[in-house]
Structures are given as C-alpha cells and as structure tokens.
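Here are a few short exercises to work through with the structure open beside you. Try each task before you read its solution.

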Amino acid sequence: MSGAGGVVVSGVGRAAPGDALASTGAAVRAALSDAGTSVSDIDGLLACGVDAYAVSDLFGFELCWRTEISDHGALGAAAVQAVDAVVSGRLRAIVCVETMPPPDPRSGADRFGRAEAVTGWASWHAPYGADDETVDVALDARAYIERFGLTRPDLARIAIVASANAGRGLSLRDYLSAPMLADPLCVHDRARPVGGSAAVVLEPVGRVERRSGSRPVGVGGVGAAYAVSPLAERDSERAADRAGSSLREDLHGAVPGILLIGDEYSFRVVTWLEALGLCDPGCAGGVLATAGTISRGGTFPVNPHGGHLGLGRRPDLDLVVEAVARMRGNEGGSESGGPPSTAVVALGGSGSAGCLFLRRTS
C-alpha cells in the first residue's frame, strides 16, 4: 500500500522504563491527552512487548480490532497494518503502543552454557554460534562491504553523527579502536539497551478536524514488507527495499526533511538510505563519506536527536513520537531553519520492515 487515505497521527506519548504495564499506561495516557480524545473513542489497539489484554483492561477499551506482537523488529510492518485498518473506515481511532523493559544486568551471563536443541531455520545458524541478530546483521554488512567496497570509516560516520546529535563525543579513533562484536561491527555499531514506552494515536483526518486545539500530523504514505526467509544470506535488505519501493511512489523524488531510522545497528542506516531511493544501490558509502550529509542540516539528516545509537535502544515507536514533536516545532528544528514539513520513519530491515511518510497538515 502507498497512499494512506486521510489518516493522521493525532497524539503521541512516551514514558520512562520501569514496570511494563505502568510504563505502558503512562505513555498511552500521554498520547490520548495529546490527541484530545477519550478512552471511549478508541476501538483499535496494537500492542508490542506488552500484553494487549492487560492494556485493554487497564483502560477499559471496547475494541473491534486488536493486534499483539512480541517481536520489536516487526513493529514497523505492524504499524502500517494499523494505518490500513484506519483507512478501511471501520475504526474510530487506534492506539499503537510499544514497551521495552529496562536492561537486565544478568543478560548474557549464561551465554556459553548448555544450548537447547533447535529445529527449522535456526538449525542453519545455531550450530555455528550465529544464532543472534548481531551476527545476522554483521553477515549482511560484511557481504555489502565485499560487494560494494563500504569501509569501516564510512560505517563509523553513522555512529559518530548519532553520538554528536545526542551531545556526546565519539571520534573516528575511538570507533576504530573499540572492541568488535562480530566483524565488521564494533560496540559502537549497536545501540545499548535503555527501554521505555511510546504510544501513538491514529485517526481519520475528518474526526480530528472537528476537534479544537488538535495538532495532527498527516500520514502521507506507508510501505511494508516481509522477508522470504529468516536466513541472513537471503533476506539482507530485501524487506526494507520492498517497503521503501512502496513509499517512493508517495515521495515523488522529494527528499524528506528528516529521517528517523531504527538504528539499533548502524548498518540499518545503509539499508534504508538505499531502500528509500535516496541513493543508488551500492552507493550509500559515498553518501556517508561526504562530510555532513547525514548530519543536522545535511542533505539527509538522520535521527537529529541521536536515535538509538546516540541515546540508547528505546521503542521504535519513540521515533514516530520524535518525528511528530519536531514537525510540530516542539523539539529542535533550528538547525534546519525551522520545523521540518516532512519526515520518514523507517523501521526494521531484515525479517520485516515498515516505513511511514509523515507531513505537516498546517
């Protein structure tokens, strides 16, 4: 699907990490308040990382559409499904909420313990210790480097810009001397976990136009796709490319004011620059090597607030919250001469991917 048929983001909210349901409730309440809508108006719910029944009970939602997913990497494609549900005309308003727990200090403690038996697709990777997402992304990145000549300093530019946007200092020397995770990715190529909750309210534009004081942001287009298989050798970049190809029809060759990319891994930025048609396949290295291109005020400003790499791994929906805040003029904007009029939020990239083209309505 490309056009979004008069759907708007009417409200957004975010909450700090903590108890999953309490954090979720705080984010949803903030989004409802921001939208100026009531609990009785909500008849759709997308919940990621939290039990949908618990959220419904917490607010007393009377739902006719509900989706719950546990895979945060699939959130982008699921959000596009939520937009589709509003476009269908069957729903008044949908709340999309994503919650991630704070980091567990015990995680990874038993990494070299007894392994469980695996079946299906996992049996292709698990016997070789390549059974986590970091290795999958590293395989994708290494294949891209070998094919197109991307260099580690090119990849470093993504992490360096993210760090600068978040108000931290990361130099090329720091990057190149950092411990490796899985070649070619080092510790600066993966976002540290933080957690938290983020919520978004989607409504038909007609409902919001009748509400005084609302500040909606229009959904001008969407794209989503799922990979053929979970093998990194086959799904590399394909889901993002198919999702991006749908959205390119709505961009009409225009360059978005800002790009909010789910950069849990730096290589995701490479994938999305090409998937969105901002450069030709294999040419992302040239974009990254050009000073300032992805920085604030550059041709393709990526995550001007710092993103996951700069601030830590938060919910992907937090990038939608950030985009809306900046387009309203609540956050930043001075570096580009004012609030951006358009934004693209791009999430996922391997197993599934989804992207939204947002534009200011006034």
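**Exercise 1. A helix and its surroundings**

Keep in mind that this is a predicted model. Find out which residues of α10 are buried.

*Solution.* Start with the list: Phe267, Arg268, Val269, Val270, Thr271, Trp272, Leu273, Glu274 and Ala275 are the buried residues of α10. Next, set this against the length of the helix: 9 of the 9 residues of α10 (residues 267–275) are buried, so the helix is largely enclosed by the rest of the structure. Finally, look at what comes after the helix: α10 is followed by Gly277, which has a positive phi, near 75°. As a backdrop, 54% of the 362 residues of the protein chain count as buried.

**Exercise 2. The open sheet**

Work out the order of the strands in the open sheet of 9 strands, then identify its edge strands.

*Solution.* Trace the sheet across: the order is β3-β2-β4-β7-β1-β8-β11-β10-β9, and the pairing is mixed. The edges are β3 (65–69) and β9 (258–261), each of which pairs on one side only. Ignoring direction, neighbouring strands in this sheet are turned by 20° against each other on average.

Now zoom in on one pair. Strand β1 (residues 7–15) pairs with strand β8 (residues 217–226) in the antiparallel sense, over 3 bridges. Val8 stands opposite Gly218 in β8.

**Exercise 3. Helices across strands**

Determine which strands α1 lies across, and do likewise for α3.

*Solution.* Take α1 (residues 20–35) to begin with: this helix lies across β1, β4 (94–100) and β7 (196–204), and runs at about 140° to β1. Then turn to α3 (residues 75–87), which lies across β1, β2 (44–48), β3, β4, β7, β8, β10 (342–348) and β11 (352–360). The angle of α3 to β8 is about 125°.

To place these elements in the whole chain, note that its secondary structure comes to 13 helices and 11 strands. Among contacts with a separation of 6 or more, 72% are between residues 24 or more positions apart.

**Exercise 4. Cysteines**

How many disulfides does the model have, and is Cys279 buried or exposed?

*Solution.* The cut-off for a disulfide is a pair of cysteine sulfur atoms within 2.5 Å. By this rule the count is 0. Cys279 is in no disulfide: the nearest cysteine sulfur belongs to Cys283 and is 6.2 Å away. For the second part, Cys279 has 12% relative accessibility and therefore counts as buried. Cys64, at 48% relative accessibility, counts as partly exposed.

How values were computed. Residues are numbered from 1 along each chain as its sequence is written. This is a predicted model: local features need pLDDT of at least 70, side-chain atom pairs count only at pLDDT 80 or more; totals for chains, interfaces and linings use all residues. Side-chain values use heavy atoms; hydrogens and water are left out. Buried means under 20% relative accessible area, exposed over 50%, partly exposed in between (1.4 Å probe, protein chains only). Helices (H or I, at least four residues) and strands (E, at least two) are DSSP runs, numbered from the N terminus. Contact means heavy atoms within 4.5 Å. Two strands pair if DSSP finds at least two bridges between them. Axes are lines fitted to C-alpha atoms, for helices over the stretch in contact, and angles run from 0 to 180 degrees between N-to-C directions.
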